[in-house]
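Here's a quick briefing to read alongside the model. Grab the structure, keep it open in your viewer, and let's walk through a few spots.

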Amino acid sequence: MNTAVLKEIVGQVGILTINRPDAMNALNDDVMNGLTLGLDEFEQNDAIHCVIITGSEKVFAAGADIAAMRNYEYIDVYRDNFITRNWERLKTFRKPTIAAVSGYALGGGCEVAMMCDMVFAADNAKFSQPEVRIATLPGAGATQRLPRSVGKAVAMDLCFTGRMLTAAEALQFGLVSRVYPKAELMHETLEQAQAIAAYSLPVLMMMKESLNRAFETPLNEGLAFERKMLYATFALEDRKEGMNAFIEKRPANFNNR
Ligand code: HXC
């Protein structure tokens, strides 16, 4: 059994907890395969509308497993399709995801957090891309996602120096959208995830698809895609229910169709 990732379902929220306490939650194949399988299961489960990825209070993840990587040669990583093989499931996951980060999110840990739709941090969270210190690249997405998230100057600064950001700095730079006291992070994140999960799942999925276009297309193409998704909501029973409920001054009851 893979215990490197713990799986839990609370209401309509799926929670995946990275669990390698002896190695600072370093991201080896057990962890990345565990996350991939967990996401596959949550994607197929229609009752789940939102997913939280988290670690322990002390560490979200201290990066890719350096012990596992250190003897790799070029041919090993190339032939094995390293990273691409089991690090990218979050990229294709269609429901909303939240990274709940307490403690260290370093290297690949910060990259996994950035693959999530939102990052909520505890006030003890620390973010960095320290790969420069071990002479490799932040190569699970940070050279692309970090500048899109925090802008060029901060991204270059973080990658060239490997310095750590506090939770307050991460909030200031836009890497995270919320900071909570450490003891409240999971409770608050779960509450927010449940609130999101109560909305119409197809609408959430259309929003996610449309928002992600903002990073991949020119403005006019993105706006055209958004307009198609807007029109698509008019084919949903939930859109009628949402608007009728507002006019009738009652809570909406979505059936996700
Ligand atoms: C493997 C790791 C690890 C890692 C920590 N450990 N990080 N093992 N891979 N990324 C192990 C340590 O070797 C040690 O094992 C145990 O976890 C506890 O770590 P310590 O360093 O003793 O703890 P502490 O002094 O509290 O420091 C915590 C820390 C530090 C600040 C998080 O461990 C650290 O800086 N870790 C490495 C961060 C890093 O360089 N990450 C980037 C990896 S590259 P033993 O057996 O001695 O108890 C990367 C690239 C991804 O992520 C993209 C492409 C691959």
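Where is N124 found? N124 sits in the loop between β7 (118-122) and β8 (126-128). Keep in mind that this is a predicted model. Below, we start with that loop residue, move on to the ligand, and then look at a few helices.

**N124 and its surroundings**
- N124 counts as partly exposed, because its relative accessibility is 26%.
- Skip the neighbours within four places in sequence, and N124 is in contact with E57, S102, G103 and K182.
- Two of those partners show up again in polar pairs: a polar atom of the N124 side chain lies 3.1 Å from the backbone oxygen of E57, and the N124 side chain also reaches the backbone nitrogen of G103 at 3.2 Å.
- If you want a long-range reference distance, the C-alpha atoms of N124 and V5 are separated by 22 Å, with their positions 119 residues apart along the chain.

**The ligand and its shell**
- There are 22 residues around the ligand, and A62, A64, I66, G108 and E131 come nearest.
- For A62, a backbone N or O atom lies 2.9 Å from a nitrogen atom of the ligand.
- A64 has a polar backbone atom 2.7 Å from an oxygen atom of the ligand.
- At G108, a backbone N or O atom is 2.8 Å from an oxygen atom of the ligand.
- On its own the ligand exposes 1,000 Å², and the protein buries 61% of that.
- Which elements give two or more residues to the shell around the ligand? They are α2 (66-69), β6 (104-106) and α5.
- By residue type, the shell divides into 14 nonpolar, 4 polar and 4 charged.

**Helix α6**
- Helix α6 covers residues 142-150, and A142, L146 and V150 are buried there.
- Why do these residues sit on the same side of α6? They cover an arc of only 20 degrees around the axis, which puts them on the same side of the helix.
- The packing partners of the buried α6 residues are α5 (108-115), α7 (152-161) and α8 (167-173).
- G151 follows α6 and has a positive phi, near 90 degrees.

**Helix α7**
- Here the buried residues are V154, A155, L158 and C159.
- Their arc around the axis is only 120 degrees, so they are on the same side of α7.
- Flip to the other side of α7 and you'll find K152, A153 and F160 exposed.
- The buried residues of α7 pack against α6, β9 (165-166) and α8.
- Just after α7 comes G162, with a positive phi of about 75 degrees.

**R239 in α12**
- R239 lies in helix α12, which spans residues 237-247.
- Not counting residues up to four places away in sequence, R239 touches T233 and F234.
- R239 and R257 are 18 residues apart in sequence, and their C-alpha atoms are 9.0 Å apart in space.

Technical notes: Residues are numbered from 1 along each chain as its sequence is written. This is a predicted model: local features need pLDDT of at least 70, side-chain atom pairs count only at pLDDT 80 or more; totals for chains, interfaces and linings use all residues. Side-chain values use heavy atoms; hydrogens and water are left out. Buried means under 20% relative accessible area, exposed over 50%, partly exposed in between (1.4 Å probe, protein chains only). Helices (H or I, at least four residues) and strands (E, at least two) are DSSP runs, numbered from the N terminus. The arc is that of the directions from the helix axis to the C-beta atoms. Contact means heavy atoms within 4.5 Å. A residue is near a molecule or strand if one of its heavy atoms lies within 4 Å of it. A polar contact is a pair of N or O atoms within 3.5 Å; within protein, one must be able to donate a hydrogen and the other to accept it, and residues adjacent in sequence count only if both atoms are side-chain atoms. Accessible areas come from the Shrake-Rupley method with a 1.4 Å probe; for residues, only the protein chains shown count as cover. Ala, Val, Leu, Ile, Met, Phe, Trp, Tyr, Cys and Pro count as nonpolar, Asp, Glu, Lys and Arg as charged, and the others, Gly among them, as polar.
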